[in-house]
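Visitor: Could you take me through one part of this model up close? I'd like to see how the pieces there fit together.

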Amino acid sequence: MLGVETSCDDTAAAVLRDGSVILANLVSSQDQVHSPYGGVVPELASRQHIQSIVPIVDAALQTAAVAIQDLDGIAVTYGPGLVGSLLVGLSVAKGISFRWNIPYVGINHLEAHLLAIQLEEAVSFPYIALLASGGHTLLYCVRGVGEYVFLGGTRDDAAGEAYDKVAKMMGLGYPGGRAIDNLAKSGNAKAIRFPRARMKRSSYEFSFSGIKTSVWHYLKSQPREQWESNKADIAASFQEAVVDMLVRPTIKAALTIGVKRVVLSGGVAANSRLREKMKEMAAGESIETFFPAPKFCTDNAAMIALTGYYWLKRGRRDAFTLNADADLTL
Ligand code: KG4
Ligand code: ZN
């Protein structure tokens with residue numbers, strides 16, 4: 001299986017054998033292109049994908065030592081994401097499929113994140129999956145391939161978006177998640193008590209715009225030199241609040257629904273404190289936790305290839321009329 005992913009700002013290609021052996025998994029990051037703007041510039045992302053896509057597909061096939069005509073299938077993200085970015089990967093996948101007469105399937109990016117853990121370990125269904133990335137914060141009960149029960153999502157910003165915006169305010173560059181994660185390691189998480197959004201008891205909702213605003217007010221309330229000197233404490237305190245807001249509804253869902261397996265996915269799942277705290281809270285309730293390696297948390301094509309493998313095996317084939325869908329839901 002060849003997997004192709006171009007939904008946002010990473011151009012990625014992977015080759016997977018038998019749904020389990022990753023022969024190649026390459027990502028060409030555009031962080032440097034977007035960094036000066038503090039966020040992804042859609043037009044620049046599409047142009048960059050056009051430059052990178054053919055070389056990266058070629059490199060993945062070469063790394064895997066697989067000839068293009070020997071592929072059994074192609075999987076490509078067709079949504080959700082930036083439409084101009086999605087179209088690049090989708091067009092290339094259709095082109096290869098047409099030229100070599102290889103079946104292809106369009107993949108929902110969110111579904112691929114929910115199944116990414118299966119690249120590394122065979123986690124039994126059902127499981128509670130928290131998908132936290134730059135664009136999404138979603139909680140699902142994954143009952144099997146194609147069986148996703150939506151439990152809740154964010155009312156406003158995504159968790160990764162809050163990380164990126166706070167990092168921007170603090171001049172830590174883009175994307176900011178990893179920078180805050182690293183800085184927080186030397187800070188005191190109890191130094192500042194940032195408020196946690198409190199949701200209705202019965203809901204599994206998230207909200208991150210309040211914490212972002214709180215950090216903004218905190219920074220504005222003092223001269224820059226003053227907060228610069230306790231940057232690590234701010235990062236650690238902000239992170240503790242975000243992690244708290246992610247962990248609580250997830251554990252609550254596992255207990256209420258009675259599914260004692262929790263899986264993390266999405267870029268924010270790479271966060272060291274989130275992993276630590278989720279593990280700690282889950283252990284106290286006899287809940288098992290499963291975390292993909294960071295390279296499978298962030299956008300990658302191996303998870304797309306795997307999801308495509310499942311669907312092709314089930315007989316799905318997509319027509320060339322399939323279009324990119326920026327707002328695709330699960
Ligand atoms: O899944 P992903 O690669 O792309 C999207 O589909 O959005 O997630 C990217 C997001 C960014 O917001 C980035 O800041 C965040 O994941 N991120 C992190 C960490 N690594 C990446 N957030 C917190 N801690 C990290 N270590
Ligand atoms: Zn993603």
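Guide: Glycine 315 comes after helix 12, and its phi is positive, near 95°. Helices here are DSSP runs (H or I, at least four residues), numbered from the N terminus. Before we go on: this is a predicted model, where local features need pLDDT of at least 70, side-chain atom pairs count only at pLDDT 80 or more, and totals for chains, interfaces and linings use all residues, while side-chain values use heavy atoms, without hydrogens or water. Residues are numbered from 1 along each chain as its sequence is written, with chains lettered from A and ligands numbered from 1 in the order in which they are written.

Helix 12 itself covers residues 302-313. From first C-alpha to last it reaches 16 Å, close to the 16 Å expected at 1.5 Å a residue (the expected span is 1.5 Å times one less than the number of residues). Of its 12 residues, 11 are buried, including Met303, Tyr309, Tyr310, Trp311 and Leu312. Buried means under 20% relative accessible area, exposed over 50%, and partly exposed in between (1.4 Å probe, protein chains only).

Now pick out Leu312 and look for glutamate 228: they are 84 residues apart along the chain, and their C-alpha atoms are separated by 53 Å. Glutamate 228 sits in helix 8 (residues 224-228) and is partly exposed, at 28% relative accessible area.

Next, helix 9 (residues 231-257). Its axis and that of helix 5 are 11 Å apart, at an angle of about 175° (axes are lines fitted to C-alpha atoms, for helices over the stretch in contact, and angles run from 0 to 180 degrees between N-to-C directions). So helix 5 is roughly antiparallel to helix 9 (over 145 degrees; under 35 is roughly parallel, 65 to 115 roughly perpendicular, the rest oblique). Ala159, Ala162, Tyr163 and Val166 of helix 5 meet helix 9 residues, among them Phe238 and Val242; contact means heavy atoms within 4.5 Å.

Helix 9 also has helix 10 (residues 272-284) as a partner: their axes come within 10 Å and cross at roughly 40°. That's why helix 9 counts as oblique to helix 10. Val243, Leu246 and Val247 are among the helix 9 residues that meet helix 10, where Leu274 and Met278 are among those taking part.

Last comes helix 6 (residues 177-184), whose buried residues are Ile180, Asp181, Leu183 and Ala184. The buried residues of helix 6 pack against helix 5, helix 9 and helix 10.

Notes
Helix = DSSP H or I, 4+ residues; strand = E, 2+ residues; numbered from the N terminus.
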